[in-house]
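Here is a short briefing on the chain shown below. It starts with one strand pairing and then widens to the whole fold.

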Amino acid sequence: MVIVTRIRREVLTLPAAQLGHDNPLPPLRPLDEVHRIDDRDRQDMPRDMARQLGQEPLRSLLPVRVRDGYGRTREPRTLDALVIENDWLRATVLPGLGGRIVSLVHLPTARELLYRNPVFQPANFALNGAWYSGGIEWNIGATGHTTLSCAPLHAARVPAPDGGEMLRLWEWERLRDLPFQVDLWLPDGSDFLYAGVRIRNPHERPVPAYWWTNIAVPEERRVLAPAEEAWHFGYERRLTRVPVPSYDGIDRTRPLNSPYAADYFYEVPDGRRRWIAALDADGHGLVQTSTDVLRGRKLFVWGSGPGGRRWQDWLTEPGTGGYCEIQAGLARTQLEHVRLEPESEVSWLEAYGPLDATPEGAWPDVVREAEERLAAVLPRTRVEEAYAAWRPCADTDPAEPLATGSGWGALEVLRAGWKLPGTPFPEGALGEAQAPWAELLRTGSLPEPRRVRPPGETLVAPHWRDMLETAPATPHTEYHLGVAQWHAGDRAQAVRSWERALPLAPSPWPLLRVLAVADRTSGHHERAAERYAEAFDDLCRELRDQGGAWTAAVAALGRETLRALLRTRRTADARAVWERLPPAVRQRGRFLLLHAELLLAEGRHADARAVFEEEFEVADLREGEEAIGRLWARLTDDPLPARHDFRMRPDAP
């Protein structure tokens, strides 16, 4: 057999915004996740679904940092890509940006099967901030878009089951401390791309696992799935069972028919083949199918309302067309987590390819024809056989490295001595971020920073917390220990650790800031504001340069300080903080919004209104966030300007 699959490097040039520097302040506040539901909705759920909704939902982002340093200025930039292709399909992967498949082209017809975003524009949709739209993304960790959305993954060339080549992507997911891999290959003569996925739990305890594959496709489609019911989730935070394809007299399988953003989690009957397809008016499109472990199927729509249209323009280039997402996951809904037993793993196979079928007609007939066409071009047994053939290859060591991810997996393997065939995390991958923790592991002591700079990342898992508790109690160690204790829920002990460190710390502002967060959390807002002001003043005195890391620290602490001072009506102090911010920071959309709030607090109503006339953009506007609309309503009874209308739900009665 002549193997024609090829893997090669490529460089994409796109209008792209810079990611900027991560926020150096540890995210101590509870996770602001929009995907929560009213408890009364649990009463009518299947028992396993209700149980998995309570399966350790994520409460904190630690140890991951927030990525909020990006903007909206796009310039032509180059992105490293890996291309896997045969004579039928060409898949383009960005290993440095979450391993996203940004393009899947059916070569005989020259059709792009995905929604291919013509720009790279980060937006605040990932659990930790920066995310971008388009293509096929791999979401692991917890409800929401993965923290690895804009992070590098390891990538390598690996032998495929048929003797050809696979492209392996792998990383260490830090929220749940789980290694995972995605193996992509194109069987000889196939117009379906296969993805073998494996998540491992190397721990001696069960871990909640989460996975959803999100596939962006143009929204002028009809979405088909083998279901007659779905669980509908809107941004009113209600989860209700609805009929498919229509309810309230509207066919919801057509993305533009829904007025607001919404999720439809299809109730695929047990024993039925798992698949979902999106077809255009001519009956051409993409189908995704899998082995049965990947149980869930979902449609996400932005809707036809002004908020949904504004988000579409925001995430891409206006005028280039919108998208919806068809998705597949481990559970019925994305609000659930499944239990992964100690020292076990879960794996499955996905397949993506072209499908031609009739999208028009009665729902049972349309679904039946699509299922028959899928069976003709890719029988269910072939997917199961491909999975069985892939499983032994999942442990094969990579043959040729193609891209490098983070060093966090290497640190965990060094600590525990785990053997993870197929996904090596060699000690050579350790970098600057891991260096102090590797020294703690070797010597039992966390080294003091060699120069004054914003604090590094804190590891919070129990084994690292135990090491911090037995390490020499320097101010630097006490700071990190307090963060780990806070994450564990021992907030009183965290405060004691920080208070012990404060009198001896050469750099007080990081400790003042975490103590301010503790005060705010416990309702002591006046004391929080005082500590924030003191922390910001200390940071400004300590400021070494206007480099990226220091600017990120000033912006992050300045933002929190302004909010704390405005909450306690200390407008004069808030004005003083505003004046000390670097000019470039003051011009960011988030800070212009804060400035409008400050002006309003000062009684300068007209000046606050004038800020909106500057047509600012809040680059890190959060999914579902309504801060702009609320401030606008305090200024005027006029309708919210279209450029600021990002509403994802109906107005509350």
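**Strand β8 and its partner**

In β14, W211 is the bridge partner of I140. The model is predicted. The points below cover the strand pair first, then the chain as a whole.

*Pairing*
- Strands β8 and β14 run antiparallel.
- Five bridges join the two strands, with β14 covering residues 211–218.

*Burial of β8*
- Strand β8 spans residues 136–140, and five of its five residues are buried.
- One side of β8 carries I136, W138 and I140, all buried.
- The other side carries E137 and N139, which are buried too.
- Both faces of the strand are therefore covered, since buried means under 20% relative accessible area.

*Overall fold*
- The chain holds 17 helices and 27 strands.
- Its C-alpha trace spans about 70 × 65 × 50 Å along the principal axes.
- The radius of gyration is 25 Å, which agrees with a compact globule because 653 residues would give a value near 26 Å.
- Among contacts with a separation of 6 or more, 71% link residues 24 or more positions apart.

*Surface and charge*
- Of the 653 residues, 60% count as buried.
- The chain exposes about 25400 Å².
- Carbon and sulfur atoms supply 49% of that exposed area.
- The chain has 82 positive and 95 negative charges.
- The mean positions of the two charge sets lie 3 Å apart.

Definitions and conventions: Residues are numbered from 1 along each chain as its sequence is written. This is a predicted model: local features need pLDDT of at least 70, side-chain atom pairs count only at pLDDT 80 or more; totals for chains, interfaces and linings use all residues. Side-chain values use heavy atoms; hydrogens and water are left out. Helices (H or I, at least four residues) and strands (E, at least two) are DSSP runs, numbered from the N terminus. The radius of gyration is taken over C-alpha atoms; the globule rule is 2.2 Å times the number of residues to the power 0.38. Buried means under 20% relative accessible area, exposed over 50%, partly exposed in between (1.4 Å probe, protein chains only). Contact means heavy atoms within 4.5 Å. Accessible areas come from the Shrake-Rupley method with a 1.4 Å probe; for residues, only the protein chains shown count as cover. Lys and Arg count as positive and Asp and Glu as negative; His and the chain ends are not counted. The place of a charge is taken as NZ of Lys, CZ of Arg, CG of Asp or CD of Glu. Two strands pair if DSSP finds at least two bridges between them.
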